[in-house]
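Let's take a walk through this model together, beginning where two helices meet and then stepping back to the whole chain. Keep the 3D view open as you read.

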Amino acid sequence: MTLARTCCLALAALALGATPAAGQGRNPDADRDGKLTPMEYRNAYVGGMFGWLDKDKDGAIARAEFATLEKLAKRFRGEKGVRGAAKMWQADADADGAISRREMESHATRAFKSTDSNQDGVLDKAELKAAQNAS
Ligand SMILES: [Ca+2]
Ligand SMILES: [Ca+2]
Ligand SMILES: [Ca+2]
């Protein structure tokens with residue numbers, strides 16, 4: 001497995017509601033306090049994962065590009081991963097068959113809010129784990 005791929009696994013895991021395992025690639029939890037702030041979450045989603053999936057760098061993730069994430073999700077999380085990936089594709093709000101950066105940002109904002117069950121403005125391990133089990 002290439003290094004670039006390993007780096008992105010943590011991001012893909014995060015996007016799919018999984019708690020990134022310690023030492024698995026780049027940790028979205030930049031300050032390692034065990035919690036994700038909206039900024040950390042957004043950076044991982046829109047900064048890290050978006051750039052990784054948008055292979056042709058046209059500023060949108062096309063269906064074919066998204067398939068990379070679906071494959072990874074299936075490999076690592078089986079059917080749960082497939083459902084998680086399907087949920088992420090809902091980010092395509094205007095249903096034009098591609099996820100733009102703006103759509104990804106608003107999706108990340110919504111996902112953050114729905115995961116922050118105690119509404120303290122950060123995602124802790126328990127909240128991330130609950131999201132993982134729910135997907
Ligand atoms: Ca693209
Ligand atoms: Ca779209
Ligand atoms: Ca919280």
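In this predicted model, start with helices H2 and H4, whose axes come within 10 Å and cross at roughly 145°. The crossing of H2 past H4 is right-handed. On the H2 side, the residues that take part are Pro 38, Tyr 41, Arg 42, Tyr 45, Val 46 and Phe 50, and they meet Arg 101, Met 104, Glu 105, Ala 108 and Phe 112 of H4. Sorted by class, this contact holds eight nonpolar residues and three charged ones, with no polar residues.

Ala 108 is a good place to zoom in. Apart from its neighbours within four places in sequence, Ala 108 is in contact with Tyr 41, Arg 42, Tyr 45 and Val 46. As you look at that spacing, it may help to recall that an α-helix has 3.6 residues a turn, so residues three or four places apart point the same way.

Now follow H2 itself, which runs over 38–53. Does its length fit its residue count, and what span should we expect for 16 residues? At 1.5 Å a residue they should span 22 Å, and the end C-alpha atoms of H2 are 21 Å apart, which agrees. The buried residues of this helix are Glu 40, Tyr 41, Ala 44, Tyr 45, Gly 48, Met 49, Phe 50 and Leu 53.

Several of these names return in the largest nonpolar core, which has 23 residues; Tyr 41, Tyr 45, Phe 50, Leu 53, Ile 61, Met 104 and Ala 108 touch the most other members. Two or more core residues come from each of helix H2, strand S1 (60–62), helix H3 (63–89), helix H4 (101–115) and helix H5 (125–134). H2 makes the biggest contribution, with six residues.

H4 also has a less enclosed position to show you. Arg 110 sits in this helix, and it counts as partly exposed because it has 13 C-beta neighbours inside 10 Å. Its C-alpha atom is separated by 9.6 Å from that of Ala 91, 19 residues away along the chain.

Finally, step back to the whole protein chain. It contains five helices and two strands, and from the N terminus on the order is α-α-β-α-β-α-α. Of its 135 residues, 33% are buried. Among contacts between residues at least 6 apart in sequence, 51% join residues at least 24 apart.

Methods
Residues numbered from 1 in each chain as written. Chains lettered and ligands numbered in written order. Predicted model: local features only at pLDDT ≥ 70, side-chain atom pairs only at ≥ 80, totals over all residues. Helix = DSSP H or I, 4+ residues; strand = E, 2+ residues; numbered from the N terminus. Buried ≥ 20, exposed ≤ 12 C-beta atoms within 10 Å, placed from the backbone. Contact = placed C-beta atoms within 7 Å. Core = buried A, V, L, I, M, F, W, Y, C linked by C-beta atoms within 7 Å. Expected span 1.5 Å × (residues − 1). Axes fitted to C-alpha atoms, helices over the stretch in contact; angles between N-to-C directions. Left-handed = near helix turned anticlockwise from the far one by under 90°. Nonpolar A, V, L, I, M, F, W, Y, C, P; charged D, E, K, R; others polar.
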